[in-house]
Amino acid sequence: PMTDLARKLKDQSAVVAVAGLGTVGLPMAAAMVHGGFHVLGYDVDTEIVRGLNDGKVHRRYLEEDFAQKLVDSGRFGATDDPARLVEADAILLCVPTPLDDNQEPDLSHVCEVTQRVAQILRPGQLVVLESTTWPGSTREVVLPILEKEGRKKGLSCGRDFFLAYAPEREDPGRKDITTAGIPRLVGGVDDASQEMAVCLYECVVDGVIPVSSAEVAEASKLLENCYRAVNIAMVNELKVVFQAMGLDVREILDGAATKPFGFQRFDPGPGLGGHCIPVDPFYLAWKAQQVGVSADLVGLAGKINRAMPDYVIQRTIDALREEGIDPEGAEVLVLGVGYKPEIDDVRESPSIVLMEGLAKEGVRVRYHDPYVPTVSLMLRGEPVVLESHPLDQVVVSKADAALIATAHRSVDYDMLRCHARLIVDTRGVMKKEGPARVVDA
């Protein structure tokens with residue numbers, strides 16, 4: 001099976017399955033199709049599967065014809081039937097790895113999809129986990145599930161089937177770099193698995209970097225994201241410090257960024273969102289505890305970033321009161337609920353926390369986001385679905401304050417400056433000149 005699989009991978013005659021057709025899986029499926037492979041997309045969401053087969057994509061930040069191009073290639077089809085995974089020679093696991101209610105790793109999605117793969121496991125298959133996770137997950141969580149079912153069929157890892165970790169490095173909404181243009185780390189649980197995974201990614205990615213183990217690849221991915229989380233936490237904390245001193249943190253960042261070496265700029269915000277940066281510090285801190293050490297700095301960074309929405313809420317309440325507006329019953333228009341500009345993904349979005357927190361203070365919240373038509377919230381203990389409001393002079397003038405949470409480029413900030421009464425700016429996009437009072441937060 002090993003030599004047969006290697007041949008299929010090298011000549012692109014292998015069928016590649018992508019399990020999980022979201023932020024990570026969809027771009028990977030497209031890269032595999034463009035690399036010449038036939039791709040089977042698998043997802044438990046029947047509507048996503050049906051839409052993709054009809055040429056419709058459920059992620060608004062992707063090109064409008066993204067799914068249609070996949071269908072027109074003749075090399076892509078989507079299914080919600082896990083039994084069809086048996087057709088694949090390589091199966092890429094691209095499922096969510098969130099935190100549970102105790103801020104600890106939740107690998108339930110990984111375990112569930114691995115169980116489905118284990119049921120159809122056959123000789124000559126390569127399984128690759130791409131989801132961000134703690135070091136040891138591939139070997140300690142995924143491998144035992146596959147081996148348990150594999151033993152019933154006389155299958156052994158490294159001989160009959162193969163397992164590796166190759167972390168995703170997606171930046172949703174980015175246009176200048178594609179999935180195929182991002183170097184890929186690859187770590188196998190054994191040498192044969194490493195070889196098979198490298199064969200696969202070399203066909204579709206510019207730059208494959210083999211590392212000595214799956215654990216090294218897992219840790220490298222965490223390091224990438226923890227690096228960002230720690231630096232963002234630092235500027236978030238310094239924003240609070242400098243604002244207390246009456247200093248503009250962004251002017252200070254502008255000054256520091258003039259140094260041509262030894263400094264990389266990170267900008268503050270109302271908190272962190274998305275599927276990696278807010279989560280990964282807790283994954284690493286949890287794993288550190290499991291081996292009897294502490295990752296104090298990484299854990300503290302996660303706590304600082306998660307505390308930022310409360311700071312913004314208090315700044316907003318204080319700004320309303322300074323304007324003579326009682327927060328109880330005041331209307332705040334939140335601009336942007338996607339976790340980053342031009343993205344419809346609201347996972348871990350600080351905007352959600354901001355709206356729910358403001359509502360607890362008695363504020364009536366509305367929002368505008370051209371990418372997110374509706375959003376589900378818990379307002380004062382009740383589940384509520386809000387609809388995005390158009391951003392025009394009437395909506396802006398009616399609000400007691402506008403809170404910029406995500407700086408979408410489509411927003412008319414000049415109109416906002418002219419017609420808003422009060423603007424709370426968490427992204428540093430507003431000039432101070434103009435009729436509206438602008439408060440940094």
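## Exercises on surface patches and a buried glutamine

Gln194 counts as buried, at 14% relative accessibility. Buried means under 20% relative accessible area, exposed over 50%, partly exposed in between (1.4 Å probe, protein chains only). The model is predicted: local features need pLDDT of at least 70, side-chain atom pairs count only at pLDDT 80 or more, and totals for chains, interfaces and linings use all residues. Residues are numbered from 1 along each chain as its sequence is written, and side-chain values use heavy atoms, with hydrogens and water left out.

**Exercise 1.** Place Gln194 and find its backbone partner.

*Solution.*
- Step 1: Gln194 sits in helix α7 (residues 191-202).
- Step 2: its side chain reaches the backbone oxygen of Val186 at 3.5 Å.

**Exercise 2.** Locate Asp81 and classify its exposure.

*Solution.*
- Step 1: Asp81 belongs to the loop between β3 (76-79) and β4 (90-93).
- Step 2: Asp81 has 33% relative accessibility, so it counts as partly exposed.
- Step 3: Asp81 joins Asp45, Glu47 and Asp80 in a surface patch of negative charge. Patch residues have over 30% relative accessible area and no salt bridge; like charges are joined within 9 Å, nonpolar side chains (Val, Leu, Ile, Met, Phe, Trp, Tyr) within 5 Å. A salt bridge is a side-chain nitrogen of Lys or Arg within 4 Å of a carboxyl oxygen of Asp or Glu.

**Exercise 3.** Describe the nonpolar surface patch.

*Solution.*
- Step 1: Met234, Leu238, Val241, Met245, Leu247 and Ile252 make a patch of about 480 Å².
- Step 2: helix α8 (residues 214-244) gives the largest share, three residues.
- Step 3: Leu247 lies in the loop between α8 and α9 (249-256). Leu247 counts as partly exposed because its relative accessibility is 41%.

Methods. Accessible areas come from the Shrake-Rupley method with a 1.4 Å probe; for residues, only the protein chains shown count as cover. Lys and Arg count as positive and Asp and Glu as negative; His and the chain ends are not counted. The place of a charge is taken as NZ of Lys, CZ of Arg, CG of Asp or CD of Glu. Helices (H or I, at least four residues) and strands (E, at least two) are DSSP runs, numbered from the N terminus. A polar contact is a pair of N or O atoms within 3.5 Å; within protein, one must be able to donate a hydrogen and the other to accept it, and residues adjacent in sequence count only if both atoms are side-chain atoms.
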